[in-house]
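Got the viewer open? Here's a short walk around the ligand, one selection at a time.

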Amino acid sequence: MVEPRYVEDASGYRGQAERVFCPKSGAETAKVLAEASAAGIPITVAGAGTGVTGGRVASGGWVISTELLRHMEIGAGRAQVGAGVLLRDLHAAAARSGQMYAPDPTEWTASVGGTIGTNASGSRSFRYGATRAHVLAVEAAMVDGSLRRFERGQPVDFEVAQVRVPATTKNTAGYPLRPGMDWVDLLVGSEGTLAAVTAAELRLLPAPAELFTGLIFFSGNRAAIAAVDAWRGVEGLRMLEYFDGPSLRLLRPRFPEIPKEAGAALLFEQECPDGADEDAWIARLDHAGALADASWFALTPADRERFRRFRHALPEAVNEIVRRNGFTKLGSDYAVPLDRNLEMLDHYAACLEAEFPGRYAVFGHLGDAHVHANILPESLEQFERGRELMIELARKAVSLGGTVSAEHGLGKRKAHLLPIQFSGTEIAAMMDVKRRLDPQWLLGRGTLFPDGG
Ligand SMILES: Cc1cc2nc3c(=O)[nH]c(=O)nc-3n(C[C@H](O)[C@H](O)[C@H](O)COP(=O)(O)OP(=O)(O)OC[C@H]3O[C@@H](n4cnc5c(N)ncnc54)[C@H](O)[C@@H]3O)c2cc1C
């Protein structure tokens, strides 16, 4: 009997498996894949299980857990890490050397392999982009039992078609195929369907000397949204996160100090090598009609950590409510082009307020026109309707030039969204690549392509 933690993820989605392997090296991982391949057994790669789309949740076969692939070597400008290294350990080790690893999907118990699998991004991607941009090389165990190392810039050795790229700042739906693409770009974001990443070389950047962070409250959503557009160009800004009114209501029990009059909030973080320009922020807050006196500013690492916990408490609260009610997560991960941001937000608000008043929250990476609209159903009927609405909202995002997945991937729970963004021809091209690397369709079966090969 396989321990439940190996066959579930943070979305509440559950599966089953016959065996779990915890290899201690890339070579051991490749050996497990060779055995699975020889016996025709489906195999699923599991990182830390913080994913929210069921990609690491097996539906039978074997599981490879990367938890023991934990070696880490920090150098100048780069880190060599095993796929099972947790982000919190990487962030801490990088900080001790005066450096930082830029991708920050807020859930620090995620593994490096999982963040590569999903091309995770999160709050700091506003300035630094998603994981893909920070991977210099990947070591991967392939289904044929080989262990390979792919350097950035090493092109794939077969022809690939071009698929459309949405005009968003983030996108991780399907494989980003383009002629001449490199292996690193192909493997990052492939959600454990093409290979098991066993190690990676990641880019580290110098840690900024000084940061200025603010949690700015507004009386309503509208003013907060307008402030995002006004502040997007502020120099050094690396995070611009949004909390709508219902999100603040969810947070109040844990943070009773949230001002009573607050109906929305923005969390910003700015790198400011010459020190914080507080006067400029006072002017910005004033102009944006923010609740300036009630807003909070962080000047110390301890304050910043408090704000980080505040931000992270929200998806945690949503996931907890969903699990308590006995459902799986119903949250969007759609992004749209920046100039369609308002239109998408208005659409979310209209649909959710009409059908799920008091049972939704919209929050996230508004600086990237990418929010998570979460529905909190209380009955099976509401859950079913919520699922349909999520599909309708995905269509709306794509009609605005957006993506059905900006950072979480599609896994198994959201694989049905892929055809909303891509044509049959584009999906066939992705499946050709999958078949080429995994002819028996063993890896991550059910992820991205629900009907298999
Ligand atoms: C409270 C909360 C907040 C979150 N906030 C964010 C956020 O802001 N931004 C964001 O991007 N994500 C966020 N996430 C989602 C999650 O943390 C990321 O998707 C993360 O990348 C998953 O990493 P993991 O190690 O837990 O992977 P898992 O959940 O174990 O796996 C995720 C996927 O990656 C594949 N995979 C795992 N390891 C490997 C490997 N070694 N090789 C190949 N494929 C692999 C799996 O097969 C699966 O398809 C959040 C999650 C939670 C619970």
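Start by selecting Glu191 together with the ligand: a backbone N or O atom of Glu191 lies 3.2 Å from a ligand oxygen atom. Keep in mind as you measure along that this is a predicted model.

Now add Gly49, where a backbone N or O atom is 3.0 Å from an oxygen atom of the ligand. Then pick Thr50: one of its polar backbone atoms sits 2.6 Å from a ligand oxygen. With those contacts on screen, switch on a surface. On its own the ligand has 980 Å² of accessible area, and the protein covers 97% of that. The spot you're looking at is the largest pocket, and the ligand sits in it.

Next, show everything within 4 Å of the ligand. You should have 37 residues around the ligand, and the closest are Val45, Gly47, Thr50, Gly51 and Ser111. Try colouring this shell by class: twelve residues are nonpolar, 20 are polar and five are charged.

Which helix gives the largest share of the shell? Select helix 3 (112–118): helix 3 provides five residues, the largest share. Strand 2 (43–46), strand 9 (196–203) and helix 9 (301–324) are worth highlighting too, as each of them supplies at least two shell residues.

For the last stop, zoom out and colour by domain. Domain 1 (67–157 + 181–206) and domain 2 (211–399) each put at least three residues into the shell around the ligand.

Definitions and conventions
Residues are numbered from 1 along each chain as its sequence is written. This is a predicted model: local features need pLDDT of at least 70, side-chain atom pairs count only at pLDDT 80 or more; totals for chains, interfaces and linings use all residues. Side-chain values use heavy atoms; hydrogens and water are left out. A polar contact is a pair of N or O atoms within 3.5 Å; within protein, one must be able to donate a hydrogen and the other to accept it, and residues adjacent in sequence count only if both atoms are side-chain atoms. Accessible areas come from the Shrake-Rupley method with a 1.4 Å probe; for residues, only the protein chains shown count as cover. On a 1 Å grid over the protein atoms alone, a cavity is a set of points where a 1.4 Å probe fits but cannot get out, and a pocket is an open set with protein on both sides within 12 Å along at least five of seven lines; lining residues have an atom within 4 Å of a point. A molecule sits in a cavity or pocket if more than half of its atoms lie within 2 Å of its grid points. Helices (H or I, at least four residues) and strands (E, at least two) are DSSP runs, numbered from the N terminus. Ala, Val, Leu, Ile, Met, Phe, Trp, Tyr, Cys and Pro count as nonpolar, Asp, Glu, Lys and Arg as charged, and the others, Gly among them, as polar. Domain bounds come from an automatic or database domain assignment.
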